Amino acid sequence: MHPNGPLLAIQGLSCAYAGQAAVIDVGLALQPGELGCLLGPSGCGKTTLLRAIAGFHEPTAGTLQLRGVDARPLPPEKRGLGFVFQDLALFPHMTVADNVAFGLHRLDTATRGPRSLETLALLGLESLASRYPHELSGGQQQRVALARSLAPRPDLLLLDEPFSSLDADLRGRLRDDLRALLKRLGIAALLVTHDQEEAFAFADTVGVMQAGRLLQWAPGFELYHRPATPFVASFVGDGRFLPARVIAGNRVATALGELDVIAGLPWAIGSDVRVLLRPDDLVPTDTGGIEAEVSAVAFRGAESLHTLRLDDGTALSALFPSHQQRTPGQRVRVRPDLAHVVVFPAADPA
């Protein structure tokens, strides 16, 4: 491992797929033991980027270093990585133990069996060692695939939507178990997913991708509270935008009143802008604020997500305690309760 640098370092990486740009000028770094995630909608390039890191897809430009060494000339088997495919790719004619031992060809024969069983024990599968994949549940098969990738003790594990075929409860438990295990073993990982909850629950650092570009690489807190672009703001955490106008004193005027912008404003007074509002940025009130009509309600247990429509047609979201749940068509008053105000231009650049 490179002693003074990141485990994985990418700069200006681009990839094409079927003649079309799939990854464009991506840069990121992953430290030893860090858990990262590439998050974005289908077709945004996240799986292509993961496959380029693994060595299954040749980049068209940029640098890709592993442990301080240029990895682009190295074939996949020489990169020292673990990779968990979405389709698991277990060998049906092999037992669980043999599937796990398959990636241990570099170890001597006497070591492979004990290492296979040791890794199965880490994932609670030691009692299933002699079974075949078709005799296992979906969750057990997924754990076997994880065990096979972890058996060589790689310092970086790549995960391509590994939990997508599991039901929600099992997916959450396996995700949390894997995170705890990777932290205990000191193994870094890079997960690809389109599921925000999964990304934030698993990763220390999350990268949001759109149309082949990595828009922001940051902890989940930063993505939610300080998004770098309007797409990140709207994709992460149900962000809505409220029209506003820049006024004197680093303030913006909105339908909810004047708001202070602590970070400062790069636009001239009088400029049209828009303010990011999260559902937890609006609270119900009996006085002040602004009146809106409830257009939809989604019950979430302790809270209910209310979609609101202002008189000018602007749609916003607000979380109310579930015992204060309103009904569609009802009028409510809300006021802003923002720890900090995030402002974007009135329209995305062309």
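Start by selecting T111, which is partly exposed at a relative accessible area of 29%; here buried means under 20% relative accessible area, exposed over 50%, and partly exposed in between (1.4 Å probe, protein chains only). T111 sits in helix α3, residues 109-122. Helices (H or I, at least four residues) and strands (E, at least two) are DSSP runs, numbered from the N terminus. Now add A101 to your selection: ten residues away from T111 along the chain, its C-alpha atom is separated from that of T111 by 9.7 Å.

A word on what you are viewing: this is a predicted model, in which local features need pLDDT of at least 70 and side-chain atom pairs count only at pLDDT 80 or more, while totals for chains, interfaces and linings use all residues. Residues are numbered from 1 along each chain as its sequence is written, and side-chain values use heavy atoms, with hydrogens and water left out.

Next, select helix α1, residues 46-54. Seven of its nine residues are buried, so the rest of the structure largely encloses α1. The buried ones are K46, T48, L49, L50, A52, I53 and A54. Step just past α1 to G55, and you will find a positive phi of about 100°.

Finally, show the cysteines. How many disulfides does the structure hold? It holds zero, a disulfide being a pair of cysteine sulfur atoms within 2.5 Å. Pick C15, buried at 2% relative accessibility: the closest cysteine sulfur to its own is in C44, 13 Å away and too far for a bond. Then pick C44, also buried at 2% relative accessibility. The cysteine sulfur closest to that of C44 belongs to C37, at 10 Å, again too far for a bond.
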